[in-house]
Structure formats: C-alpha cells, structure tokens
Amino acid sequence: MNWEMFYLTCFLVGVTLSVLAFVGGTIHLPHVHFHLSHGHVATPGVGGHAGVSRGTEMPWFNFATITAFLAWFGGTGYLLTRHSSLLVTVVIILAIVAGLTGATLVFWFIVKFLLTHDQALDPADYDRVGVLGCVSSAIRMGGTGEIIFSQEGTRQTCGARSENGEAIPHGAEVIVTRYEHGIAYVRRWEEMADGHQDSHTNDSSIS
C-alpha cells in the first residue's frame with residue numbers, strides 16, 4: 001500500500017463512520033453518549049432522560065473527534081500526495097495538523113451547539129410539593145377539583161383535593177402540600193401564610 005492509498009483509506013473510513021453515526025441518530029463516545037434524535041445527554045449509570053453537567057464531562061478524545069481526524073487527515077494527505085511534490089514527512093505533518101483542526105472544529109461544534117441546549121435535570125425542580133397554584137375547577141368538600149400551576153416555565157394542570165377536606169372555590173390560590181397517585185393535596189395560600197405569620201409572631205414573643 002502506497003501513501004496515496006493509505007490516506008484515501010483513512011479518509012473513507014473517517015467519512016463512512018461519521019455518516020453512519022449521524023444517520024443512525026446516535027453518537028457513542030467512550031465516556032459520554034448523546035442521542036441526536038432525542039436531544040438529551042446521558043452518562044453510564046444515569047437514566048436516559050437525566051441530564052449531566054457540561055464542559056469537562058465530554059473528553060476531547062472521543063468517537064466524533066476520531067472520525068473527524070481520520071477524514072481530515074486522510075483527505076489532506078491524499079490531496080497533497082496526489083497533487084503536490086512535497087516530501088512525505090511534510091505531507092504527514094500537514095495532514096496531522098489538518099486532522100487535529102478538523103477534530104477540534106467538530107468538538108467545538110458539539111459543545112457549542114448540541115450540548116449547550118441540554119440542561120441538568122434536578123428531580124427537585126419537578127417536585128410538586130410546595131408549588132403555588134390556582135384552582136381552575138372548584139374543589140368540592142371532600143371531592144376533587146383541578147389546579148393550574150407553572151413549573152420550569154411550563155403551564156400544567158392536575159387533579160387536586162383539599163388537604164383538610166374543605167371546599168375551595170374557583171380562582172383561589174393554593175399550596176401543594178403533598179402529591180400522591182396523580183392527585184395534588186392542597187391548602188389555601190392564605191392559611192399557609194397566616195400560619196407562618198403566627199408562628200413567626202410567637203417566636204418573636206418568646207424571644
């Protein structure tokens with residue numbers, strides 16, 4: 001195998017693997033894998049929909065940068081070998097520089113445009129206990145109604161029951177005290193606020 005065939009083989013291998021990875025919708029990395037079709041990042045041992053912190057989590061040396069290096073290295077080496085009279089050593093050096101440049105550009109693109117749109121998901125951000133909501137469908141005494149609330153920038157609704165069994169009218173502001181089996185148990189915001197104020201007053205009196 002001569003140098004021209006060597007570079008051409010590297011180029012074809014790099015391009016083929018890159019295309020297969022993107023067409024397949026998933027790029028698998030040594031330490032990190034991310035699904036382009038689902039738009040989330042996961043690490044081994046972490047659930048498929050759980051996010052991770054970006055930056056140092058993704059190593060520069062990974063599947064995407066390896067295939068990019070092979071493609072750029074092979075393509076540059078092939079063109080210089082075929083269309084120039086440069087020494088073999090010079091061609092190798094230029095091909096390596098081109099490969100590293102291509103790999104760096106791919107890494108930068110992934111970190112800048114693909115990973116920055118994913119955010120770490122903290123289960124606490126989706127805990128409905130303590131959420132302030134508004135009754136959208138009146139809660140009957142001992143019965144079930146509906147509340148509407150905003151969480152993580154999304155407007156949501158769910159069934160609701162009064163924590164103490166009382167009726168709560170439409171439009172009343174409530175606090176979710178517990179959440180079980182898809183039902184939010186709530187108390188009026190005024191009750192919670194008054195209870196907190198009374199507790200604060202008693203503490204001040206004792207002091």
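**Exercise 1. Decide whether Phe6 is buried, partly exposed or exposed in this predicted model.**

Solution. The relative accessible area of Phe6 comes to 30%. Buried would require under 20%, and exposed would require over 50%. Phe6 therefore counts as partly exposed. The same step can be taken for Trp3, whose relative accessibility of 40% means that Trp3 also counts as partly exposed.

**Exercise 2. Work out how the rings of Trp3 and Phe6 are arranged, and which cluster they belong to.**

Solution. Begin with the sequence positions: Trp3 and Phe6 both lie in helix H1, which covers residues 3-24, and they are three residues apart, about one turn of the helix. Next, take the count of aromatic pairs, of which the structure holds six. In the pair formed by Trp3 and Phe6, the ring centres are 5.7 Å apart and the planes stand at 90°, so this pair is edge-to-face. Finally, follow the ring pairs outward, and they link Trp3 and Phe6 with Tyr7, Phe69 and Phe73 into a cluster.

**Exercise 3. Trace the order of the strands in the closed barrel, and describe how E8 is paired within it.**

Solution. First place the barrel in the chain, which has four helices and eight strands, arranged from the N terminus as α-β-β-β-α-α-β-β-β-β-β-α. The closed barrel has five strands in the order E4-E5-E6-E8-E7, and its pairing is mixed. Neighbouring strands of this sheet are turned by 55° against each other on average, when direction is ignored.

Now examine E8 from each side. Towards E6, the two strands run parallel and are joined by four bridges, with Tyr185 in E8 as the bridge partner of Arg161. Towards E7, the pairing is antiparallel and extends over six bridges; Val176 stands opposite Val186 in E8, while Ile175 stands opposite Arg187 in E8. E7 and E8 also form a hairpin with two residues between them, and in the turn His181 has a positive phi of about 50°. One side-chain detail completes the picture of Tyr185, since Arg178 lies over the face of its ring, at 3.8 Å from the ring centre.

**Exercise 4. Identify which residues touch the most other members of the largest nonpolar core, and which elements give two or more residues to this core.**

Solution. The largest nonpolar core has 13 residues, and those touching the most other members are Val135, Ile147, Ile168 and Val186. The elements that give two or more residues to this core are strands E5 (144-151), E6 (154-162), E7 (173-180) and E8 (183-188). A second, separate core has six residues, among them Tyr7, Cys10, Phe73 and Ala95. As background, nonpolar side chains tend to be buried together in soluble globular proteins.

To see the surroundings of one core member, consider Val135: leaving aside residues up to four places away in sequence, it touches Glu146, Ile147, Ile168, Pro169, His170, Gly171, Ala172 and Val174.

**Exercise 5. State what share of the residues is buried, and what share of the contacts between residues at least 6 apart in sequence joins residues at least 24 apart.**

Solution. Of the 207 residues in the protein chain, 30% count as buried. For the second part, consider contacts between residues at least 6 apart in sequence; 55% of these join residues at least 24 apart.

Definitions and conventions. Residues are numbered from 1 along each chain as its sequence is written. This is a predicted model: local features need pLDDT of at least 70, side-chain atom pairs count only at pLDDT 80 or more; totals for chains, interfaces and linings use all residues. Side-chain values use heavy atoms; hydrogens and water are left out. A nonpolar core is a set of buried Ala, Val, Leu, Ile, Met, Phe, Trp, Tyr and Cys residues joined through side-chain atoms within 4.5 Å. Buried means under 20% relative accessible area, exposed over 50%, partly exposed in between (1.4 Å probe, protein chains only). Contact means heavy atoms within 4.5 Å. Rings of Phe, Tyr and Trp (its six-membered ring) pair if their centres lie within 6.5 Å; planes under 30 degrees apart count as stacked, over 60 as edge-to-face and the rest as tilted. A charge sits over a ring if NZ of Lys or CZ of Arg is within 6 Å of the ring centre and within 35 degrees of the ring normal. Two strands pair if DSSP finds at least two bridges between them. Axes are lines fitted to C-alpha atoms, for helices over the stretch in contact, and angles run from 0 to 180 degrees between N-to-C directions.
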